[in-house]
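Thanks for sharing this one. Below are my notes as numbered points, with the enclosed space first, then the pockets, the sheets and the domains.

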Amino acid sequence: MTMEPLKRCVVLAAGDYYDHTREHVPDRALTIAADGGWDHACRLGLHVDALIGDFDSVRLKLPTDAAITRLPAEKDDPDLLSALKVGWSKGSREFHIFGGLGGRVDHTISNIQLMVRLAVRGGIGFLYGDGTIVTAIHNGSLDFPASGGPEGRMVSVFSHTPVSSDVNEIGLKYQLQHATMYGDAVQGLSNELLNDTPAHIDVHEGTLVITFPIDAPLPQVSWFKRPVGDLGDINTSVSSALAVSPK
């Protein structure tokens, strides 16, 4: 199932940024700063349409020409998820997230989980890191245009669900056809893009987490049967299952 181009949203998180970040930020996209992402937006010279967070890590003065949503410091939803919810509510389904990889490993794992959350609801997210992008697909495919570059442009594929059925990797150094991948097995590490060869990755039933080089052309996402879902409203509550430790 092919798709019309998805509406794009750029989200600037508060984590690590790397060289040449600015050249990878899509133009003409809704841009949201999540908490300390505002400081990075200022450094990169980016206009921001909205800001959201508890702003505990912001050092610079907040703008007067953007929508600002203040969140409490203690809540279940991380600031990045709240930013994604804002973008989703405005019609965006393709998210480009900067400052979401590197630094604290728990934040990195959390942000990869958010890529899965987007995928199973019919969206897609791209997490930009140090030379690498992380994304996820659910019951769908990624198509990479043919491109050139240095040898060893690594692509890795992992099953996020316990079982991912009918997985195919075509046009890569190691071909995979109608494979079953498992969430507790490492089966798709360190494949490679081939020069001047389009590449295709798909999963017919399940969810895959995929990493690929930041200098590769962005892939086109499509679905065999597009999931339908919603990220929900911004949630500032604290789970009733959490017990407050005595002081």
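1. Let me start with the largest cavity, whose lining consists of Asp16, Tyr17, Tyr18, Asp19, Thr21, His24, Phe98, Gly99, Tyr128, Gly129 and Ile214. Please keep in mind throughout that this is a predicted model. By class, five of the lining residues are nonpolar, four are polar and two are charged. The space inside the largest cavity comes to about 70 Å³. How many cavities of 30 Å³ or more does a search of the whole structure find? There is one.

2. Next, the open space. The largest pocket holds about 570 Å³. Its lining has 27 residues, and those closest to the centre are Ala14, Pro78, Asp79, Leu80 and His107. If you plan to set up a grid there, the class make-up may be handy: seven nonpolar, 10 polar and 10 charged residues.

3. Which element gives the most to the lining of the largest pocket? Helix H4 does, with four residues. H4 spans 105-119, and both H4 and H3 supply at least two residues each to this lining.

4. The second largest pocket has a volume of about 170 Å³. Its lining is made up of Pro5, Leu6, Arg8, Glu94, Ile124, Phe126, Leu218, Pro219, Gln220 and Val221. Strand S6 (124-128) and strand S15 (220-223) are the elements that contribute two or more residues to it. In class terms, this lining has seven nonpolar residues, one polar and two charged.

5. Where does the second largest pocket sit with respect to the domains? Its lining takes at least three residues from domain 1 (7-130) and at least three from domain 2 (132-226). The chain as a whole is divided into these two domains. Their centres, taken over C-alpha atoms, are 24 Å apart. Across the boundary, 19 residues of domain 1 are in contact with 18 residues of domain 2.

6. Now the sheets. One is an open sheet of 10 strands with mixed pairing, and its order is S4-S3-S2-S1-S5-S6-S7-S14-S9-S12. Its edges are strand S4 (67-70) and strand S12 (191-192), each of which pairs on one side only. Helix H3 (residues 79-89) packs on this sheet and touches strand S1 (8-12), strand S2 (30-34), strand S3 (50-53) and strand S5 (94-98). The direction of H3 makes about 160° with that of S2. H3 is also one of the elements with at least two residues in the lining of the largest pocket, so to speak a link back to point 3.

7. Towards the S12 end of that order, the register can be followed residue by residue. Strand S9 (residues 154-159) and strand S14 (residues 207-213) run antiparallel and are joined by four bridges. Ser156 has Thr211 as its bridge partner in S14, and Phe158 has Val209. S9 also runs antiparallel to S12, with two bridges between them. There, Met154 is the bridge partner of Glu192.

8. What is the strand order in the sheet of five strands? The order is S11-S10-S13-S8-S15, in an open sheet with antiparallel pairing. Strand S11 (176-182) and S15 are its edge strands, each pairing on one side only. From one strand to the next, the twist averages 20°. S15 is worth a second look, as it also gives two or more residues to the lining of the second largest pocket.

9. Within this sheet, strand S10 (residues 163-170) and strand S13 (residues 199-205) run antiparallel and are joined by five bridges. One position to check is Glu169, which stands opposite Ile201 in S13. S10 also pairs with S11 in the antiparallel sense, over four bridges, and here Val163 stands opposite Tyr182.

10. A last point on the backbone concerns the hairpin of S10 and S11. Five residues lie between its strands. Which residue in this hairpin takes a positive phi? Gly171 does, with a value near 85°.

Note on methods: Residues numbered from 1 in each chain as written. Predicted model: local features only at pLDDT ≥ 70, side-chain atom pairs only at ≥ 80, totals over all residues. Heavy atoms only, no water. Pairing = 2+ DSSP bridges. Contact = heavy atoms within 4.5 Å. Axes fitted to C-alpha atoms, helices over the stretch in contact; angles between N-to-C directions. 1 Å grid on protein atoms, 1.4 Å probe; cavity = no way out; pocket = protein on both sides within 12 Å on 5 of 7 lines; lining within 4 Å. Points joined across faces, edges and corners; volume = space filled by probe spheres on them. Nonpolar A, V, L, I, M, F, W, Y, C, P; charged D, E, K, R; others polar. Domains from an automatic or database assignment.
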